Amino acid sequence: MADPTILTGRILITGGGSGLGAAVADAVEAAGGTPIILDRDISGVGDRTAYEADVSDGRAVEDRVRAVVDEQGGLEAVVTAAGIDRCGRLEEVPAEEWERVISVNLLGTAAVVRAALPALTASRGRVVTVASSLALRAVSDATAYCASKFGVLGFSRALAAETRGQIGVTTLVPSGMRTHFFDDRDDKYKPGDDASLNDPNAVANAVMFALNQPEGCEVRELVICHENEESWP
């Protein structure tokens, strides 16, 4: 049987103030768990437990996660849903913006997991990292995003090998979702009105499926997309 302590436990969600992270928080709460939000903007999370943090600042977010663990008395799971993108050809995207994508998506993921690892080991908890269909298939004008998400995939596979038998590790590989993720892009990089985008609530259900596996059973990688998705395989 699945371990109910995961779904009903304390689940730290980066980027939990919006998009997929918010959908995961809703699903965790509906299952009887305690979503703990970590986000740059926590103004819209209501009465949920939330901490303001910028995951691109690795040492600062590590300190924040350790403080969360102390205040909450531990963790049962971490879901790393925070992510950004900067579209454009390599020579066109300012270096600091290109590098921020790596800092948020890849280095931020590693920093949060690093800081949470002792608590997760103690609870024999789980990590769900969020990659992308663009961790499997590269496209033009997305060098930063592809590099970061390919990196998340490699990091997660190595983490799973390193922590086998101690914690659960799942890499979620979602395709495009109907969120505000695309709002700040130039029009040419925004999905069209007829784009096949998935419902973030459906993707959140996939996260819950991974968290609900019994001890000894691992969903190592989970691809979820709209039925008409073109970026996979």
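## A walk through the sheet and its helices

Start by selecting strand β5: both of its faces are covered, with Arg126, Val128 and Val130 buried on one side and Val127 and Thr129 buried on the other. Keep in mind that you're looking at a predicted model. Why do those residues split into two sets? In a regular strand the side chains alternate between the two faces of the sheet. Colour residues 126-130 and you have the whole of β5, a mostly covered strand in which 5 of 5 residues are buried.

Next, add strand β4, residues 77-80. β4 and β5 run parallel and are joined by 4 bridges. For a landmark, click on Thr80: opposite it, in β5, stands Thr129.

Now zoom out to the sheet. How many strands form it? There are 7, in an open sheet with the order β3-β2-β1-β4-β5-β6-β7 and parallel pairing. Look to the edges for β3 (49-52) and β7 (221-224); each has a single partner strand, so one side of each has no neighbour in the sheet. Ignoring direction, neighbouring strands here are turned by 15° against each other on average.

Stay at the β3 edge and select strand β2, residues 34-39. β2 pairs with β3 in the parallel sense, over 4 bridges. Pick out Ile36 and then Thr49, its bridge partner in β3.

Which helix lies across this part of the sheet? Select residues 58-72: that's helix α3, lying across β1 (10-14), β2 and β3. Against β3, helix α3 runs at about 155°.

Time for a pair of helices. Show α2 (residues 19-30) together with α6 (residues 200-211), whose axes come within 8 Å and cross at roughly 55°. That angle makes α2 oblique to α6. The crossing of α2 past α6 is right-handed. To see the contact itself, turn on side chains for Leu20, Ala23, Val24, Ala27 and Val28 of α2, then for Pro200, Asn201, Val203, Ala204, Val207 and Met208 of α6. What sort of residues are they? The contact has 10 nonpolar residues, 1 polar and no charged.

For the last stop, select helix α4, residues 95-123, and find Ser103 in it. Is Ser103 buried or exposed? With a relative accessible area of 19%, Ser103 is buried, because the cut-off for buried is under 20%. Leaving aside residues up to four places away in sequence, Ser103 touches Val55, Ser56 and Gly108.

Definitions and conventions:
Residues numbered from 1 in each chain as written. Predicted model: local features only at pLDDT ≥ 70, side-chain atom pairs only at ≥ 80, totals over all residues. Heavy atoms only, no water. Axes fitted to C-alpha atoms, helices over the stretch in contact; angles between N-to-C directions. Helix = DSSP H or I, 4+ residues; strand = E, 2+ residues; numbered from the N terminus. Parallel < 35°, antiparallel > 145°, perpendicular 65-115°, else oblique. Left-handed = near helix turned anticlockwise from the far one by under 90°. Contact = heavy atoms within 4.5 Å. Nonpolar A, V, L, I, M, F, W, Y, C, P; charged D, E, K, R; others polar. Buried < 20%, exposed > 50% of the residue type's maximum accessible area, 1.4 Å probe, protein only. Pairing = 2+ DSSP bridges.
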